[in-house]
Amino acid sequence: EPFVADEYIERLAWRTPGGGSRGGEAFDPKRLLEEFVNHIQELQVMDERIQRKVEKLEQQCLKEAKEFVKKVQELQKSNQVAFQHFQELDEHISYVATKVCHLGDQLEGVNTPRQRAVEAQKLMKYFNEFLDGELKSDVFTNSEKIKEAADIIQKLHLIAQELPFDSLMDFCCYPLSFPGKYHDLECQLIQEFTSAQRRGEISRMREVAAVLLHFKGYSHCVDVYIKQCQEGAFLRNDVFEDAAILCQRVNKQVGEVFSNPETVLAKLIQNIFEVKLQSYVKDQLEEHRKSDAEQYLKNLYDLYTRTTNLSSKLMEFNLGTDKQTFLSKLIKSIFISYLENYIEVEIGYLKSRSAMILQRYYDSKNHQKRSIGTGGIQDLKERIRQRTNLPLGPSIDTHGETFLSQEVVVNLLQETKQAFERCHRLSDPSDLPKNAFRIFSMLVEFLCTEHIDYALETGLAGIPSSDSKNANLYFLDVVHQANTIFHLFDKQFNDHLMPLISSSPKLSECLQKKKDIIEQMEVKLDMGIDTLNCMIGQMKHILAAEQRKTDFKPEDENNVLIQYTNACVKVCGYVRKQVEKIRNSMDGKNVDTVLMELGVRFHRLIYEHLQQYSYSCMGGMLAICDVAEYRKCAKDFKIALVLQLFDTLHALCNLLVVAPDNLKQVCSGEQLANLDKNILHSFVQLRVDYRSARLARHFS
């Protein structure tokens, strides 16, 4: 424990009698002083003793340090001597090693010719056995030494190739000549390899394959291996999956057996493609090639896709340097005869299938399709001009049928979609844009021309004349369905055709063809403006049938109970239905364009209709209520011009009821100030009190 002087003195005083209050003893300072003096003397003696001991230990330590330094110096000298001896030994070892290498080279120079001579002697001995016609050596009679026998036969075969032809012929005449033995041994090795493969002995297979590597029959060994690998491998219906599993299994094994595994695996794959797959593809396609084009195309697409998928799986294996080209050639060798005329079969099938879909639809409607004009856009524009200048002939009653079918369209688009997919997969990259354009042309012909265009033509022919009563306006239904169908057509154009032609000159050609189709349909839709004439005609019939002269000049001015006339109610109801129908049938700017035209004609009709009657004061109020209702109806058009026209008409109707003294003030109002004075005058003349001198004077 650490030394604390205060505690030490306290303990000393506590142990000294009279040094403290212990046991009630009185404090005795003399005894305490005496004890302290004695204890100090003891401590001094102890200090001197310890000091002497320390000095002795220091001297001893110094002595041992000197001895250690001396010992270290002696060890360093010994180490230097040992290092010098080591260098001398190393030099001596190097010298001896040089001598040994030189001696080894000399021995090798002597031994190599000797070994060659011994080997040549052995070969001459075996050679003589063949010449004597009797094989006595154990290497030829012992079946377990077939490897050694193969090595000897191979060397004798190489020697025989260097013999003169005459000598070789004499030698080959002997019944036990080594050419025959060469062949027999080769057959034995192949048989041994076959047996080892059946037993699954990989090490034996590797050993025999290494021996056969220098024989001519090595390729036959590979063929036997490939043949046996395929035994029992194609038992299921899916030959492609079986082929992938087989190649996966062989890929793990072939590296353990052969020294050139990539060549063997490539030969196996080539055999599978040229034998198994080619035979399978031929059986699947030739069955339907001439009898069923649809099934033929489906099978061709499916088989080609599965073959390319198998090729992608095989790309994982080591097949040599250019495995992509190797596999592509194998696929081409199988399908080349089918891909050469693929597009002709595709177009022929698509044409017949599309025609059948359309004909089946028209037959279900008991409709005999009639011929339509195909003179192009200029011819259509001329027909518009004729329709504008000449009265319409008798219309065709379609009985409410639009002759457009979502089911037909979906079927045609589905057939074309599948054709685009097949085209993408089966066409050569250089022919892909051209083939895709031909398929697109088929879609245009049957969907746009034979179906949509025909329905528009039929719908135009079915538009009734403007003076027809209770006419059914089915053309808007045709427009609505045609618009929906064309959106589907445009979606397929963007989703399936564009990726195939986006980087080729055919892109501009397809876009132009699509533009021509749109323009041609828009021209026909413009011709459908006759539908608006029919709508106006229907409004005229309603007004003629429902509006009475007494509506605006009632016999009892004080007993008018209606807010607006019955004719106004029915016309507004009819107009609202037609506006909703137009909005549902069209989209984009076409809606605003058609509604503006209808709204202007609707305003002109009401304007001319109002000028056919005379108005009393109460009748004028009723006319204002009617026009207000017409104006509410005009708001549904959501066209600013139409609403402005009806606002102005409403302001004109105020001239029918305003007091004579206020006529000039009303005419100079904001809405009427810019109108021609004759128009204002014409409305004022409709008042029953117009001929009064007072009114005429105020208006003049």
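## The whole chain

Of the 700 residues in this protein chain, 38% count as buried. Keep in mind as you look around that this is a predicted model. What kinds of secondary structure should you look for, helices or strands? The chain has 26 helices and zero strands.

Now consider the contacts between residues with a separation of 6 or more: 76% of them join residues 24 or more positions apart. As for the outside, the chain exposes about 41400 Å², and carbon and sulfur atoms supply 52% of that area.

## A buried arginine

Let's visit one residue, Arg422, which you can find in helix H15, covering residues 406-426. Is Arg422 buried or exposed? Its relative accessible area is 5%, so Arg422 is buried, given that buried means under 20%.

Which residues does Arg422 touch, leaving out those up to four places away in sequence? The neighbours of Arg422 are Leu297, Tyr301, Tyr342, Glu346, Tyr349 and Ser427.

## A negative patch on the surface

Next, head to the surface. Here Asp516, Glu519, Glu522 and Asp526 come together in a patch of negative charge. One of these residues, Glu519, belongs to helix H18, which runs over residues 506-527.

Why can Glu519 be called partly exposed? Because its relative accessible area is 31%, a value that falls between the 20% limit for buried and the 50% limit for exposed. Try finding both residues in the structure: Arg422 is buried in the model, whereas Glu519 is partly exposed.

How values were computed: Residues numbered from 1 in each chain as written. Predicted model: local features only at pLDDT ≥ 70, side-chain atom pairs only at ≥ 80, totals over all residues. Heavy atoms only, no water. Patch = residues over 30% accessible without salt bridge, like charges linked within 9 Å, V, L, I, M, F, W, Y side chains within 5 Å. Areas by Shrake-Rupley, 256 points an atom, 1.4 Å probe, with all protein chains shown as cover. Salt bridge = Lys/Arg side-chain N within 4 Å of Asp/Glu carboxyl O. Lys, Arg positive; Asp, Glu negative; His and termini not counted. Charge placed at Lys NZ, Arg CZ, Asp CG, Glu CD. Helix = DSSP H or I, 4+ residues; strand = E, 2+ residues; numbered from the N terminus. Buried < 20%, exposed > 50% of the residue type's maximum accessible area, 1.4 Å probe, protein only. Contact = heavy atoms within 4.5 Å.
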